[in-house]
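This report describes the strands, sheets and one helix of the structure shown below. Terms are given with their cut-offs where they come up.

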Amino acid sequence: MWIKGKLYLGEVVEGCVEFDRKIKSIKKECKPDLYYPDSIILPGSIDMHVHVRGMQLSYKETVATATSEAAYGGVTVVVDMPNTQPYINTHERVLERIREFENFSRTDFGVYSGVTSDARVDGDPIAGYKVFPEDLEKPELEMVLSSNKLKVLHPELPISNKVLRESRLLWQEIASLYLVRGKVHVTHTTSLETIRLAKSLGFTTDVTPHHLLLEERDCTTKVNPPLRDKTERNKLLRALFEADAVVSDHAPHTAKEKELPFEICPPGIAGVSFVTPFVYTLFKKGVLSLERTVELVSKNQAKILGIKAGEIKEGYVANFTVISFNTWRYSTKFSKVTQTPFDGYPLEAKVTATIVEGKVAYDGESVYPIRGMNLFDKTEKP
Ligand SMILES: [Zn+2]
């Protein structure tokens, strides 16, 4: 197969890429199978923080609906958090979870395990471990911290879960960084101070669009860690230049659950399809360079995860996100969540096509049931 158009290879050049499941060669001319004259062909976006749900939480979202929504948003790889039902932190459940993705995922994928005392999990093809605030006081944390695998930290202290929401203060986020070590990625940071401290400790960081853009108003904007005040949010805009990645923390709930009184309604925003058009809109507006944009949504995340993705390069997985710079207003399309606080947000970048494992997963209209792969399984598959 050949794809032709304006390619991002560190800079934008007219050219062609030959691929099957992997990228085989890059040339000037070809007879293309896929031709996008009015768009730009970018490395496939990655979202390393997604709550796909599925299993007993399939009433909120399934692997098929979440990954269809991801493909619609230009995302070619999702990495899934373990707090589904049942919780994913044993060898058997990790394998069961991977099977669920193998059967239904329309994008490439990875799964994180929760903190566990099951030593077999470390030999499983996982992306790493998710460390939640409550895990920071568990004895089995030690085993996870001494693993060479990636640890993704939700940066808050165990006490943050037990106090009133207004008391989930910033110092609890910052202090949690001192409780971990090793290959740590600090996710959904809400303050520039967290990012700078994490960097000084040798950790990587990400930020979500909702912590940059939204004000807490009702349950639709309820998330953990909480949205900060305007001053802190404005400072956090620097994260676009200092953090390593932008992720969605896609966390779908039913409309009914989100209508519960604020105190008891579940936290989480569905936004897996928002990140890529949002970040490329910042490029279009001249806020970010194209190089920085690609780093935030593709290249850096692939590096942090240790996968051969996120760049258009020979031998890398043939995942592409094709973007055109048209104005439109955001809404979800394939997710079970039909209302998000980003609805109607004006965007200037739109996904024309999403190519996963060398196949068209989304063509600007429909998603197709292509077979996503576990990029953390190092055994060769036919
Ligand atoms: Zn999360």
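Two strands count as paired if DSSP finds at least two bridges between them. Helices (H or I, at least four residues) and strands (E, at least two) are DSSP runs, numbered from the N terminus. This is a predicted model, in which local features need pLDDT of at least 70 and side-chain atom pairs count only at pLDDT 80 or more, while totals for chains, interfaces and linings use all residues. Residues are numbered from 1 along each chain as its sequence is written.

**Seven-stranded sheet**

One open sheet has seven strands with mixed pairing, in the order β3-β2-β1-β4-β13-β16-β17. Its edges are β3 (23–27) and β17 (359–362); each has a single partner strand, so one side of each lacks a neighbour in the sheet. On average, neighbouring strands here are turned by 40° against each other, direction ignored; axes are lines fitted to C-alpha atoms, for helices over the stretch in contact, and angles run from 0 to 180 degrees between N-to-C directions. Within this sheet, β1 pairs with β2 in the antiparallel sense, and K6 stands opposite E14 in β2. Helix α11 (residues 290–305) packs on the sheet, where it touches β1 and β4 (34–43), and its direction makes about 70° with that of β4. Contact between two residues requires C-beta atoms, placed from the backbone, within 7 Å.

**Eight-stranded sheet**

A second open sheet has eight strands with parallel pairing, ordered β5-β6-β7-β8-β9-β10-β11-β12. Here β5 and β12 (245–246) stand at the edges with a single partner strand each, so one side of each is left without a neighbour in the sheet. Between β7 and β8, S113 has Y129 as its bridge partner.

| Strand pair | Sense | Bridges |
|---|---|---|
| β1 (residues 2–8) and β2 (residues 12–19) | antiparallel | seven bridges |
| β7 (residues 108–114) and β8 (residues 128–131) | parallel | three bridges |

**Helix α1**

Helix α1 lies across β5 and β6, running at about 140° to β6. A residue is buried if 20 or more other C-beta atoms lie within 10 Å of its own, exposed if 12 or fewer, and partly exposed in between, with C-beta atoms placed from the backbone. Nine of the 10 residues of α1 (residues 63–72) are buried, so the helix is largely enclosed by the rest of the structure. Among the buried residues are V63, E69 and Y72. Their cover includes β5 (45–50), β6 (75–80), α2 (91–104), β16 (350–356) and β17. After α1 comes G74, with a positive phi near 80°.
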